[in-house]
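Q: I'm new to this one and would like a close look at a single part. Could you walk me through how the two domains of one chain meet?

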Amino acid sequence: MTGFLAVYYRELLILKGKVLKQAASMAVSPFLFLTAFGYAMGRDHLVDGRPYMEFLAPGLVAMASMTQAFGIASEINISRFYWHIFEEFQAAPLANWQYVLGEVLAAVTRALLAVAVMLLLALCFGVTLSYSPLFFAAVILNAALFGSVAVICAMLVKSHADQSLITSFVITPMAFLGGTFFPLDRMPPAVKAVLSFLPLTHAARAIRAAAFEQAPPVFPYAVLGVLLAVFFGVAVVCVNQARN
Amino acid sequence: MIRAAGLVKRFGKTEALKGVSFEVGEGELFAYLGPNGSGKTTTIRILTNLTNPSAGEGFLNGFSVTKNRIAAKMQCGLVTQHINLDNELTVEENLSIHGMLFGMSGPARAKAMDEYLEYVEMADRKKTKVKELSGGLKRRVMIARALMHRPKIVFLDEPTVGLDPTIRRRIWSFIKKAQQDGATILLTTHYIEEAEFLADRVAFLDSGKIVTIETPRALMDSLGGWALDSLDNGAIETSYFPERESAEAAIPAHRGGFTVRRVNLEDAFIALTGKKVAPGPGGAGTGMRGAGGKENRK
Ligand SMILES: Nc1ncnc2c1ncn2[C@@H]1O[C@H](COP(=O)(O)OP(=O)(O)OP(=O)(O)O)[C@@H](O)[C@H]1O
Ligand SMILES: [Mg+2]
């Protein structure tokens, strides 16, 4: 029953080996966005009644937790196609859900590390947010959800190249459109309707509300929770299918 | 105990296994011998749950590998054909993860790790990163890993491939030791001497079908004890004889190269399938069989 710990432990060891490099690379894109958009827009440019930099920071938290959690897909791919480590898990007396849980925990860990890096950066830019348990709950839900999606993708792709296609066509667009850089209200209704189907939109809303100490919106948390359950379940099925 | 019952595996149109059945008794060392692509790895992959059979069923100590996966996997240790260690991690970390996967407690892991690294004579390499090890040492780590949770059944898929003869023999001794400790072992190999030296019984596999299952002795005796290889128009012809004298008497005076030698498993394989197990010198795959006979094949 504790086999998932082995999967998680392995990912931690891999992460430990390159934690500094990883943290540095996690800092790059938030730094660029804060500089390019946050500074450029200036202090007086208000969005939703706040300086743009302040509006942007929680959006970047949502984005970072998503991309870093999804990033385990390529770790899984490397260990699967290149090192064949996945066979070691398949041959072990490990239920499929345990494998998924181990990888999802690794995804959440990576996401939290990225968020910590991001928040330090924000601090350097003079932005402090409210870091309540609700804030972290939203981050963790978001990371676990995209960790599950990462496992699904890693099981479905046939090569490492397919993996980067998914990143370019799904993850990157979502990172920009999912309520990270601008409020959805500024979009035409049709676009807004489409974007409200993206999980990241809900994560950004939940994280932003917590960061600004607004009343916690129930709906985004519910959506994230339901989607997490669905994607986790699909991931378990995909791990089972990967046997062939 | 290992039981394969009518295993079939299809990859699209190709049928890699065409109904393979065998039984390996408790404590037996069973060698699975066949040329490239005959289905050795596929059989092991089915029995260790890395792939599903298209038809048929495997049992490990009575547990079905498709219906009772976890219990079946609990029975076995696996050394895969290719190296599958975490290169960036140390030997110790690799083994530790494995122990956790098999539900071993911290102290049990530490004890087993020391014991099995000692066993493969690598106790001093615990803290070494896998990427710094040579191929032979990596193989030994894989063997230690496959044994450390004390599986009752061990699958070894070409455990000595690409190793020099000294290390190969060393690994044979580890395998023998595992058998003496009570493990049931299924081993695949291209190396004829390996099967001859280690196996209680041998299965010959050819194009997804088992040709025969016998003891190495019985297979070799069936050809007579001695073989005469002689060079004929650039191809090696082999004839078999019951004793050395008759083999020597048959050496053709007008020919250049010849060898009189003991019959080996390769001869038995060729006699039964018309193919060689491993591509070796003189590998046209032609030969003659029958005690002193002139029966040409191919
Ligand atoms: N994933 C796969 N997809 C398609 N065909 C496959 C796959 N795996 C194996 N095969 C085919 O199945 C057959 C048996 O392969 P297998 O790996 O079991 O042979 P083997 O006896 O282990 O060979 P070798 O001695 O080279 O290791 C081969 O024809 C191979 O091409
Ligand atoms: Mg093979």
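**Where the two domains meet**

A: Putting domain 1 of chain B and domain 2 of chain B together buries about 1,500 Å², and carbon and sulfur atoms give 67% of that area. On the domain 1 side, B:I192, B:F204 and B:R217 lose the most area to domain 2 of chain B, together making up 39% of what that side buries. Keep in mind that this is a predicted model.

Where do the bounds fall? The domain assignment of chain B puts domain 1 at 2–217 and domain 2 at 218–298. As for who takes part, 19 residues from domain 1 of chain B and 16 residues from domain 2 of chain B are in the contact. Taken over C-alpha atoms, the centres of the two domains of chain B are 32 Å apart.

Now for the polar side of things. The count between domain 1 of chain B and domain 2 of chain B is one salt bridge. B:R217 makes a salt bridge with B:D221, with 3.2 Å between the closest N and O atoms. Across this interface of chain B there are also nine residue pairs in polar contact.

Which elements supply the domain 1 side? In chain B, α7 (192–198), β9 (201–206), β10 (209–214) and α8 (216–221) each bring at least two residues to the side of domain 1 that touches domain 2. Strand β9(B) gives the largest share of that side, four residues.

Conventions:
Residues are numbered from 1 along each chain as its sequence is written. Chains are lettered from A and ligands numbered from 1 in the order in which they are written. This is a predicted model: local features need pLDDT of at least 70, side-chain atom pairs count only at pLDDT 80 or more; totals for chains, interfaces and linings use all residues. Side-chain values use heavy atoms; hydrogens and water are left out. Domain bounds come from an automatic or database domain assignment. Contact means heavy atoms within 4.5 Å. Buried area is the accessible area (1.4 Å probe) that two parts lose on being put together, summed over both. A salt bridge is a side-chain nitrogen of Lys or Arg within 4 Å of a carboxyl oxygen of Asp or Glu. A polar contact is a pair of N or O atoms within 3.5 Å; within protein, one must be able to donate a hydrogen and the other to accept it, and residues adjacent in sequence count only if both atoms are side-chain atoms.
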